[in-house]
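Colleague: I would like to go through this model with you, one point at a time. Please give the reasoning before the value or name.

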Amino acid sequence: MAKSSLDKKFDQIRKREEEKTFSTKKRSRIVNKFLNNRLAVLGLIIFTIIILASIFAPLLSPYDPMRVDLRSMRQPPSFDHWFGTDSTGRDVFTRVLFGGRVSIFIGLGSAILSAVVGIAVGCYAGYKGGWIDVIALRISEIFMSFPQIILVLLLVSITGQSLFNLMAIFILTGWGGMYRLARARMLSLREEEYVQALRSFGLSTFTICYKHMLPNALSPIMVNITLSTAMFILTEAGLSFLGLGVPLNIPTWGNILNVAQDILILQNYWWMWGPVGIVISVFVLCVNFIGDGLRDSTDPSQQG
Amino acid sequence: MKKEILKLRGVKVHFPVQAGVFNRVVGHVLAVDGVDLDIFRGEVLGLAGESGCGKTTLGKAILRLVEPTDGEVKYISQDDDETELTSLEKKDMDPFRKKLQIVFQDPHSSLNPSFTIFGSLQDPLKKFGIKSKEERRKIIGDLLEAVNMRREYMDRYPHEFSGGQRQRIGIVRALCLEPELIVCDEAVSALDVSIQAQVLKLLMQLKKEKNLTYLFITHDLSVTEYLCDRIAVMYLGRIVELCVSEDLYNNTLHPYSEALISAIPVADLDKQTKRIVLEGDVPSPVNPPKGCPFHPRCPKATDICKTEVPTLKKYSTNGNEHYASCHLIDLPEIT
């Protein structure tokens, strides 16, 4: 009788056990679980490729993203110019690579910084409660009630377009969501008995809420970080498309998309906006996959 | 000679009830409403009562997990030094946190799911001055062995354990700083009966080895019967009866305790017990009834019960001190 696949698997496990390769394999549970999630791994691979390509852009492309070359205007994709050239003869592929640097920096940077602010405030206020919580809650509500676009308009008209203005606005409007998430988790966690036990030892508030409680509150926050990374990249693209985001001379994914405002380009020169649009979508999708994978793998009560 | 370890005097815990737009305080939940209690060194004091009568709150108030609104909790050290705990600053409380510990009810929420056992137990040890990691591992390992678990378990995560095992880990946590008094807050109520017996046996064995004192909070009088030296029965935030445990079962004075005892299931088909069924629910602790708080449900209530609040008076049964608060006891009061 032929061995079933289950038997074969079992034989393999037994063999490995005899060779004692089990004990030498010491990968953390979280990493293992993450690696078992195929979509997340795929996301991570593409995410890494895009980031590496952006970082090593000068090595991958012989062109300067800013150099105007009027002899090769609006050329379709070819072996010289993979994604073609734009209206001033700049290589689109190079611009996508260099644009990725700024866009990813803005997206990830604002998401992580707003998460740091949100978590720091949310954990403490949520755990402590009382008037600290009330004040923090009201402040976050004030920030969240401002429409982003109006804040951007305000700041741009006062200080001019700049990358850091944009990030500052993203953080100001973004930390409220993270804060609420962290606070809500802490509110339910602080009634758990292990927290009471830690309190009965008289441990400091910081140790209790940042060391012992935060890891249990982290999984929804992790997902939110990835989601807001994606959102910030899209918002940056949107604002730059409207000419309100990063100054036009800096290549970002949004600024490259900006040319699609011209109906002529939109209709006739698809390579100027098509590839970059796809890159944005793929990147955002990958980040979301990673977020999902992280959530599943960091949840300690899920086994596997 | 019995020596006290804790003296509670008029301990009250009131929670404000807020309502309306501006969170106006419209009343107070009188969770614990004036409890006087002495806990002696080396005894097991049971604290019984139905849900919502303030047992757990009282236990937490002792450890200041809930701040008492009023009253005194005095800790008496082995050298007879008295310290009033409720008025201490947070950081002055530390040396006493070491002496008083708690074991919780729910084994599923009492351990941090993100940390290994060692990870979640080591911080208290670190705080109380055990600097080297090897030493911390040794202490926790030894205690795990003391509760009949394997030393290696300290590197596992809580979800890998069963309920009974987790409860024993909870006991390890309470023991790790060598406390003198452990508040067992329904420590076995969430376990099934065979595991209950195992954990109770373990608790008694540890008590002998380490000279512990237990405040054993439970709603299950069948557990306290075998375990406790003395039992206090609580009703609506007050102690209604306090006596040596045999006396509670054989010479019950308070009608509420009588009803509780009649509710203990007896594994004997021939034995006919008279079941006293209490009507209704525990009255709201927001506005307790006038007079004796038990009178609306008491089968023996008379007119005096509706108007006058009975105080805890001292009687004597079988030569033991026996406190009860009821107007209808015909024993002579001892002053």
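Colleague: In which loop of chain B does B:Asn318 lie?

Modeller: This is a predicted model, to begin with. B:Asn318 has a positive phi of about 55° although it is not a glycine. Its place is the loop between S11 and strand S12 (320-324) of chain B.

Colleague: Is B:Asn318 buried or exposed?

Modeller: The cut-off for exposed is over 50% relative accessible area. B:Asn318 has a relative accessible area of 62%, so the residue is exposed.

Colleague: Which residues does B:Asn318 touch, not counting those up to four places away in sequence?

Modeller: One pointer is B:Glu246, which is 72 residues from B:Asn318 in sequence and 9.7 Å away in space, C-alpha to C-alpha. With residues up to four places away left out, B:Asn318 touches B:Asp247 and B:Asn251.

Colleague: B:Glu178 also interests me; what is its relative accessibility?

Modeller: B:Glu178 is not a glycine, yet its phi is positive, at about 55°. The residue lies in the loop between H5 and S7 of chain B. B:Glu178 counts as exposed because its relative accessibility is 68%.

Colleague: Turning to the sheet of chain B, what is the order of its 8 strands?

Modeller: The sheet is open and its pairing is mixed. Its edge strands are S6 (100-103) and S11 (313-317) of chain B, each of which pairs on one side only. From one strand to the next the twist averages 20°. The order in chain B is S6-S7-S8-S3-S9-S10-S12-S11.

Colleague: Which residue in S8(B) stands opposite B:Ala48?

Modeller: Strand S3 (residues 44-48) and strand S8 (residues 213-218) of chain B run parallel and are joined by 5 bridges. Opposite B:Ala48, in S8(B), stands B:Thr218.

Colleague: What angle does the direction of helix H6 of chain B make with that of S8(B)?

Modeller: Helix H5 (residues 163-175) of chain B lies across S6 and strand S7 (181-185), and runs at about 175° to S6(B). Helix H6 (residues 193-210) of chain B packs on the sheet and touches S3, S7 and S8 of chain B. Between the directions of H6 and S8(B) the angle is about 160°.

Colleague: Why is the pair of A:Phe170 and A:Phe232 stacked?

Modeller: The count over all chains comes to 14 aromatic pairs. In this pair the ring centres of A:Phe170 and A:Phe232 are 4.8 Å apart. Planes under 30 degrees apart count as stacked. The pair is therefore stacked, with its planes at 20°.

Colleague: How many residues apart are A:Phe170 and A:Phe232?

Modeller: Both A:Phe170 and A:Phe232 are buried. A:Phe170 is in helix H9 (residues 163-189) of chain A and A:Phe232 in helix H11 (residues 205-241) of chain A, so named by their DSSP runs. The pair links distant parts of the chain, 62 residues apart.

Colleague: Which three residues supply 33% of the area that chain A buries against chain B?

Modeller: Contact between the chains involves 19 residues of chain A and 29 residues of chain B. The area buried between chain A and chain B is about 2,200 Å², and carbon and sulfur atoms give 55% of this. On the side of chain A, the three residues that supply 33%, more than any other three, are A:Glu193, A:Ser200 and A:Phe201.

Definitions and conventions: Residues are numbered from 1 along each chain as its sequence is written. Chains are lettered from A and ligands numbered from 1 in the order in which they are written. This is a predicted model: local features need pLDDT of at least 70, side-chain atom pairs count only at pLDDT 80 or more; totals for chains, interfaces and linings use all residues. Side-chain values use heavy atoms; hydrogens and water are left out. Two strands pair if DSSP finds at least two bridges between them. Helices (H or I, at least four residues) and strands (E, at least two) are DSSP runs, numbered from the N terminus. Axes are lines fitted to C-alpha atoms, for helices over the stretch in contact, and angles run from 0 to 180 degrees between N-to-C directions. Contact means heavy atoms within 4.5 Å. Rings of Phe, Tyr and Trp (its six-membered ring) pair if their centres lie within 6.5 Å; planes under 30 degrees apart count as stacked, over 60 as edge-to-face and the rest as tilted. Buried means under 20% relative accessible area, exposed over 50%, partly exposed in between (1.4 Å probe, protein chains only). Buried area is the accessible area (1.4 Å probe) that two parts lose on being put together, summed over both.
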